[in-house]
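Me: I'm new to this one. Can you pull it up and walk me through it?

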Amino acid sequence: MDQRTRVLVVGGAVLLLVVALGVQAVAIDRGTVVEQDAEAGEPYPGNTLVGVHSWDNDGRLVEITPDGEIAWEYAIDDSRFFGIDPLREGEAAPGIEPQEDGNVVLFALGEVIPAENCDEEHLSYEATFSHGLDPHEHCVKNRVILMDRSNEEIVWEHNWHDEMIHWHEVHDAVVTEDGEVAIIDMGKNRVFTVNEAGEITWEWYAADHIDQGTEFFEEHVEASPHVDDPDDYAKSSEVDDWIHWNDIVETEEGNFHLSVRNYDMLIKVDPETDEIVDTIGQPGNHSVMQHQHNPQHLEEHGTVLIADSENNRAVEIDADTEEVVWEYTGPEGDPLQWPRDADRLPNGNTIITDSRNNRILEVSPSGEVVWQFEDPDGAVIPLPYVADRLPVGETAGGPPGYELDERTAADHGVTEQVREAETLARWVLPGWMHLPQLLNLLAIVLGSAWLLGEGALYGWRRYRAR
């Protein structure tokens with residue numbers, strides 16, 4: 001085949017592929033998908049409240065009915081929403097009386113704000129941390145809000161400014177037994193409690209307790225056989241996301257369980273003494289957990305249910321032995337991708353936030369899907385962060401994994417790798433582009449590269465012929 005014929009064939013194929021992709025861009029509208037399987041089991045009753053991180057900065061709260069209808073939605077422009085904590089019956093919080101109707105929710109978010117509303121100290125970080133935003137034209141306003149959803153009235157708020165929307169956001173907050181709010185702050189690598197008047201009543205900095213040079217670092221990082229270079233776990237700069245803790249829970253005795261994501265660990269801190277009184281996991285030991293999110297502590301059973309994000313599974317472990325008592329990796333051939341929340345419901349079902357798949361799953365004790373809300377194009381819950389079944393929320397808990405049916409993780413093999421590549425593409429490509437469209441785009445890129453090569457070859461031959 002001569003060059004002219006090759007160019008015509010490949011050029012025609014590329015043109016057809018471009019037209020096909022354009023048609024798909026206009027025609028594809030898969031919308032949300034709701035599935036219920038009565039044979040697999042009964043979903044736990046109630047609507048589901050979802051905190052949406054978003055692939056960009058389109059964060060929101062979304063309340064979804066069992067039929068997949070949107071019962072309520074609350075959004076803030078240029079934001080990312082993270083932890084949510086619906087107040088339960090009889091629970092009090094700053095600025096409000098004990099709840100009866102369950103309409104009040106505590107939630108955390110980061111909001112991008114323009115430079116004129118930022119202090120100079122929050123506009124000076126390196127562009128490499130900005131994720132496409134000009135680092136000198138914005139900062140982030142971290143907000144922890146108590147809202148009455150019946151009228152969307154903000155009844156209490158605590159906020160502060162920081163450098164960036166990514167890695168410096170506030171991932172979680174919880175109402176404490178004494179009616180204050182406990183907050184984890186990724187940007188300043190601290191944990192603190194604040195009262196109704198906005199006064200900080202307790203503050204705990206990671207640099208003072210678990211960084212390089214501390215007894216904790218020596219015992220858990222430097223001594224870990226799974227850590228090649230301890231310096232990788234140490235703070236390197238003021239804007240370094242070296243801890244990335246993402247969950248806080250108050251225990252029955254008044255301590256705080258913290259999820260230290262970058263250490264692959266959970267730690268328990270006594271706010272009376274500032275001592276670390278217990279740990280679960282070990283830096284670099286990914287057989288237990290890897291970059292986990294939002295653990296649910298089933299204290300009365302001595303287990304912890306973990307969204308084991310980088311291992312793409314929900315896993316329940318014995319808090320003392322760290323042995324797996326229950327595990328779920330997704331339906332056969334449709335693996336979880338970066339799950340970031342998993343809660344045991346009172347009836348033994350488990351609700352899982354499958355972040356990169358834009359879906360919420362509820363699975364039975366045997367791991368069968370009894371309900372799911374899937375949003376393939378990310379129109380409603382793009383990159384969801386957490387999901388709570390109303391009105392019980394996370395703290396209700398349920399039976400431990402060793403009382404459930406035996407569950408063996410599905411073997412996804414190559415499927416998992418393909419799905420992971422597909423979901424990661426959503427960071428840079430439109431949400432409607434899935435595997436077929438990605439292959440279409442790849443063919444266009446390769447065909448175009450071929451044509452450029454042919455053009456270069458033609459030019460070289462003309463040059464040599466002179």
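Reply: What follows covers the core, the pocket and a hairpin. This is a predicted model, where local features need pLDDT of at least 70, side-chain atom pairs count only at pLDDT 80 or more, and totals for chains, interfaces and linings use all residues. Residues are numbered from 1 along each chain as its sequence is written, and side-chain values use heavy atoms, with hydrogens and water left out.

Me: How many residues does the largest nonpolar core have?
Reply: It has 26 residues. W204, I210, W245, L258 and Y263 have the most contacts inside it. A core here joins buried (under 20% relative accessible area, 1.4 Å probe, protein chains only) Ala, Val, Leu, Ile, Met, Phe, Trp, Tyr and Cys residues through side-chain atoms within 4.5 Å.

Me: Which elements supply at least two residues of this core?
Reply: β10 (181–185), β12 (200–205), α3 (215–222), β13 (245–250), β14 (256–260) and β15 (265–270) each do. Helices (H or I, at least four residues) and strands (E, at least two) are DSSP runs, numbered from the N terminus.

Me: And what does the second core include?
Reply: I96, L106, V170 and V175 are among its 17 residues, and this core is separate.

Me: New topic. Which residues are closest to the centre of the largest pocket?
Reply: R88, V249, E250, E299 and T395, out of 31 that line it.

Me: How does that lining divide?
Reply: Nine nonpolar, ten polar and twelve charged residues. Pro counts as nonpolar here, and Gly as polar.

Me: Now the hairpin of β3 and β4. Which residue takes a positive phi?
Reply: G68, near 90°. Five residues lie between the strands.

How values were computed:
Buried means under 20% relative accessible area, exposed over 50%, partly exposed in between (1.4 Å probe, protein chains only). On a 1 Å grid over the protein atoms alone, a cavity is a set of points where a 1.4 Å probe fits but cannot get out, and a pocket is an open set with protein on both sides within 12 Å along at least five of seven lines; lining residues have an atom within 4 Å of a point. Two strands pair if DSSP finds at least two bridges between them.
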